[in-house]
Amino acid sequence: MADPMVLESDTEPSLETSTLLRAAAEGGRLGLAFVWPETRPTLVPAPGSPCVLGREGPRGTRLEGGELSRRHAELATRGRDLCITDLGSRNGLYVNGERTGEALLRRHDVVRLGPWLGIVVDALDPSSAEEIAPLQGEAAKLHLGPATRRFALPAYRLAATAISMVLEGETGTGKERFAAAIHAWSGRKGPLVAINCAAIPEALAEAELFGHRAGAFTGAQRARAGHFRTADGGTLFLDEVTDMPLGVQAKLLRALEQKEVLPIGESQAVPVDVRVIAATQVPLEQAVAQQRLRAD
C-alpha cells in the first residue's frame, strides 16, 4: 500500500516546491489535519491507497488513546473527494458532532475519533505561504514566538468552523487578544463582543446575556437585546466563564445547543448565529470539581 501524502504542519513552511506544484496541479485536493490533543501533519491519502487511522495504524496515521480502536477509521481519496469510513470502532466516528458510518468530507468539516479532533483543509494548508500569511499577520498583535504558534495554528484551522472554544490561561496571558485573532481569522461578518462574566451582577446576568423586553422586571424601562443578539453573526467572548452563575450556565447551554435565546419576558425564542469563545484562568476540570462550572 502506498504511503499517504503527508504535508508538514510545522510552524515554518517546509514543503518542497515540487510537492506544492503537484498538489496545486491536482486542484481541489483535501486533507485531514489533526489539531487536538496535538497538531499532526496533514494527511492526504494517495488515490487508491486509503490509510487506516487508529492505535495500530502505520507511521503518520497511528493515534494514541484508550477510546480509539486498533483500526478505528479509514481515510480515502476518491477522485477529488475525501471520504472517511468507520471500521467498526467501539466508540464511533463523528463528523460535525454527528455519529456516522461513512461521510464525504468537505472543507472545514470537524472530524472526531476518540479524543482526536481533526479539521478538513485544503491540501496546501497550512504550510503554503497563502495559508501562513494570515497567521503571521495576526502574529504581530499576538507577539507569537515559535512555541506559541503551535497553539495558534490549531486555532487558525478551527476558526472557520462554528465550533465553540475555551481558552485556558493565567491572567495577563492574552486570552482576549487571542480570541480577537480567532474572530479575525474566522471571517465572520458580525462584531466581536467581549464581556467579563465576573463583572456582571448575578441578578442581572441573564438579562445582560439574553436580553429582555420592556417592563419584564423592575427597572426594565425599555427592551434590551443582550450580548448574544448584539454579537449575532459574529463572536461572543465570555471571559472568566467559571464566574457565571450556575443557573445562567444552564441557559447558556441551551443557547449553545439550540442556537437560540429566550429574552426575559418573551415567550418566543430568538435564533442567533454566534460563535462562543470562553476563557478561564481555572482549568475546567478543577472548576467542575469546585462546582463553579456545570459538568455539561
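Let me begin with E240, which is buried, with a relative accessible area of 10%, and which sits in the loop between β14 and α7. I should say at once that this is a predicted model, and everything I describe today is to be taken in that light. What draws attention to E240 is its backbone, since its phi is positive, at about 50 degrees, although the residue is not a glycine. As a reminder, most residues other than glycine have a negative phi, and most peptide bonds are trans.

There are further backbone features of this kind to go through. N96, in the loop between β7 (93-95) and β8 (98-100), is likewise not a glycine and has a positive phi of about 55 degrees; whereas E240 is buried, N96 counts as partly exposed, at 45% relative accessibility. K259, the residue that follows α7, also has a positive phi, near 55 degrees. And between W36 and P37 the peptide bond is cis, with omega at about 5 degrees, P37 being found in the loop between β2 and β3.

That loop, between β2 (30-36) and β3 (42-44), also holds R40. With a relative accessible area of 16%, R40 is buried, and its side chain reaches the backbone oxygen of R62 at 3.1 Å.

Let me turn now to helix α7, which covers residues 246-258. How far apart should the ends of a helix of 13 residues be, at 1.5 Å a residue? The expected span is 18 Å, and the end C-alpha atoms of α7 are 19 Å apart, which agrees. The buried residues of this helix are V248, Q249, L252, L253 and A255. Seen down the axis of α7, these buried residues fall within an arc of 165 degrees, so they line one face of the helix. As for what that face meets, the buried residues of α7 pack against α5 (205-210), α6 (226-230), β14 (235-239) and β15 (260-261).

The link between α7 and α5 also appears among the charged side chains, where E206 forms a salt bridge with K251, the closest N and O atoms being 4.0 Å apart. This pair joins distant parts of the chain, with E206 in helix α5 and K251 in helix α7, 45 residues apart. Both partners fall into the partly exposed class, E206 at 23% relative accessibility and K251 with a relative accessible area of 38%.

In general, side chains of opposite charge can pair when their charged atoms come close. In this model the count comes to eight salt bridges, and I will describe two others. The side chains of R106 and D81 meet in a salt bridge at 3.8 Å, N to O. Because R106 lies in the loop between β9 (102-105) and β10 (110-113) and D81 lies in strand β6 (residues 81-86), the pair ties together parts that are 25 residues apart in sequence. R106 is partly exposed at 42% relative accessibility, and D81 is partly exposed at 32%.

The other pair is D273 with R188, where the closest N and O atoms are 2.8 Å apart. Here too distant parts of the chain are linked, 85 residues apart, with D273 in the loop between β16 (270-271) and β17 (275-280) and R188 in the loop between α4 and β13 (192-196). D273 counts as partly exposed, at 45% relative accessibility, whereas R188 counts as buried, at 19%, under the 20% cut-off for that class.

R188 brings us to H183, since R188 is among the residues in contact with that histidine. H183 is placed in helix α4 (residues 175-186) and is buried, with a relative accessible area of 13%. What does the side chain of H183 make a polar contact with? The partner is the side chain of T235, at 2.7 Å, and in addition the backbone oxygen of G190 lies 3.3 Å from a polar atom of the H183 side chain. Leaving aside neighbours within four places in sequence, the contacts of H183 are R188, G190, P191, L192, G234 and T235.

Finally, a word on cysteines. How many disulfides does a search of the whole structure find? The search finds zero. C83 is buried, with a relative accessible area of 3%, and C197 is buried as well, at 5% relative accessibility.

How values were computed
Residues are numbered from 1 along each chain as its sequence is written. This is a predicted model: local features need pLDDT of at least 70, side-chain atom pairs count only at pLDDT 80 or more; totals for chains, interfaces and linings use all residues. Side-chain values use heavy atoms; hydrogens and water are left out. Helices (H or I, at least four residues) and strands (E, at least two) are DSSP runs, numbered from the N terminus. The expected span of a helix is 1.5 Å times one less than its number of residues. Buried means under 20% relative accessible area, exposed over 50%, partly exposed in between (1.4 Å probe, protein chains only). The arc is that of the directions from the helix axis to the C-beta atoms. Contact means heavy atoms within 4.5 Å. A disulfide is a pair of cysteine sulfur atoms within 2.5 Å. A polar contact is a pair of N or O atoms within 3.5 Å; within protein, one must be able to donate a hydrogen and the other to accept it, and residues adjacent in sequence count only if both atoms are side-chain atoms.
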